[in-house]
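Dear colleague,

I am handing over the structure we spoke about, with the sequence alongside. Please open it first, and then read the notes that follow.

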Amino acid sequence: MRLKPAVGPMILRTAVKEDEILMNGQILRVDAGTHFILNIRDFHVDEEYFPSPADVSLERYNDPKQKQYFQPFGSGPKSCVGQHFAMLEMKAILFQVLQNLDFRTKSDLFTLETRWDIANHPVKPDRFQVRRRTEGDPS
Ligand code: HEM
């Protein structure tokens with residue numbers, strides 16, 4: 001969801017009124033009606049928000065800054081209405097699948113080439129080795 005956000009990666013916004021925003025240390029004047037295209041993936045892999053961005057670690061989300069900039073569902077009043085349902089559904093499915101099956105792949109998630117149609121998926125089919133877990137396997 002961070003390295004390969006499932007949906008997007010662009011979030012679109014339009015300024016409803018004239019405003020000023022701080023960008024790269026400079027104040028930028030914005031006219032009403034200005035369109036913004038925000039790339040979620042770009043800031044998900046920005047060193048400034050996510051140190052060592054290629055590393056996968058759940059500990060990241062104990063850090064308030066990384067938690068704030070993790071935006072796979074967008075944010076604000078136009079964010080994804082299905083996000084809580086989607087999180088529950090994904091956790092339930094992953095729990096069942098990972099409890100029973102062990103997946104191995106030679107691919108590196110950071111460099112794996114993917115593209116977005118509606119959802120994000122690998123450009124080339126990937127090869128996974130799948131094995132049924134047995135009792136006593138390391139989790
Ligand atoms: C992994 C699953 C999902 C991801 C990553 C995802 C991601 C997103 C993103 C990035 C947006 C744009 C948010 C923005 O502009 O700030 C969005 C909008 C939306 N999503 Fe999802 N979504 C997911 C699942 C779902 C599900 C399960 C539903 C419905 C049950 C849903 C319904 C919607 C709707 C209706 C919007 C438009 C909200 C609006 O414009 O006010 N999404 N989603």
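**Fold and ligand site**

If one takes the contacts in the protein between residues at least 6 apart in sequence, 51% of them join residues at least 24 apart.

Please keep in mind that this is a predicted model, in which the protein averages a pLDDT of 90 and 99% of the residues score at least 70. For the complex, the predictor gives an ipTM of 0.97, together with a pTM of 0.85.

As for the secondary structure, the protein has 3 helices and 8 strands, and their order along the sequence is β-β-β-β-α-α-α-β-β-β-β. The protein is more spread out than a compact globule, because its radius of gyration is 19 Å, well over the 14 Å that the globule rule gives for 139 residues. Taken along the principal axes, the box that the C-alpha atoms of the protein fill is roughly 60 × 30 × 30 Å. Burial can be given for the whole protein as well: of its 139 residues, 7% count as buried.

Turning to the ligand, which residues come nearest to it? There are 15 residues around the ligand, and of these Val7, Gly74, Cys80, Gly82 and Ala86 come nearest. When the residues of this shell are divided by character, 9 are nonpolar, 5 are polar and 1 is charged.

With best wishes

Technical notes:
Residues are numbered from 1 along each chain as its sequence is written. This is a predicted model: local features need pLDDT of at least 70, side-chain atom pairs count only at pLDDT 80 or more; totals for chains, interfaces and linings use all residues. pLDDT is the predictor's confidence in each residue, from 0 to 100. A residue is near a molecule or strand if its C-beta atom, placed from the backbone, lies within 6 Å of it. Ala, Val, Leu, Ile, Met, Phe, Trp, Tyr, Cys and Pro count as nonpolar, Asp, Glu, Lys and Arg as charged, and the others, Gly among them, as polar. Helices (H or I, at least four residues) and strands (E, at least two) are DSSP runs, numbered from the N terminus. The radius of gyration is taken over C-alpha atoms; the globule rule is 2.2 Å times the number of residues to the power 0.38. A residue is buried if 20 or more other C-beta atoms lie within 10 Å of its own, exposed if 12 or fewer, and partly exposed in between; C-beta atoms are placed from the backbone. Two residues are in contact if their C-beta atoms, placed from the backbone, lie within 7 Å.
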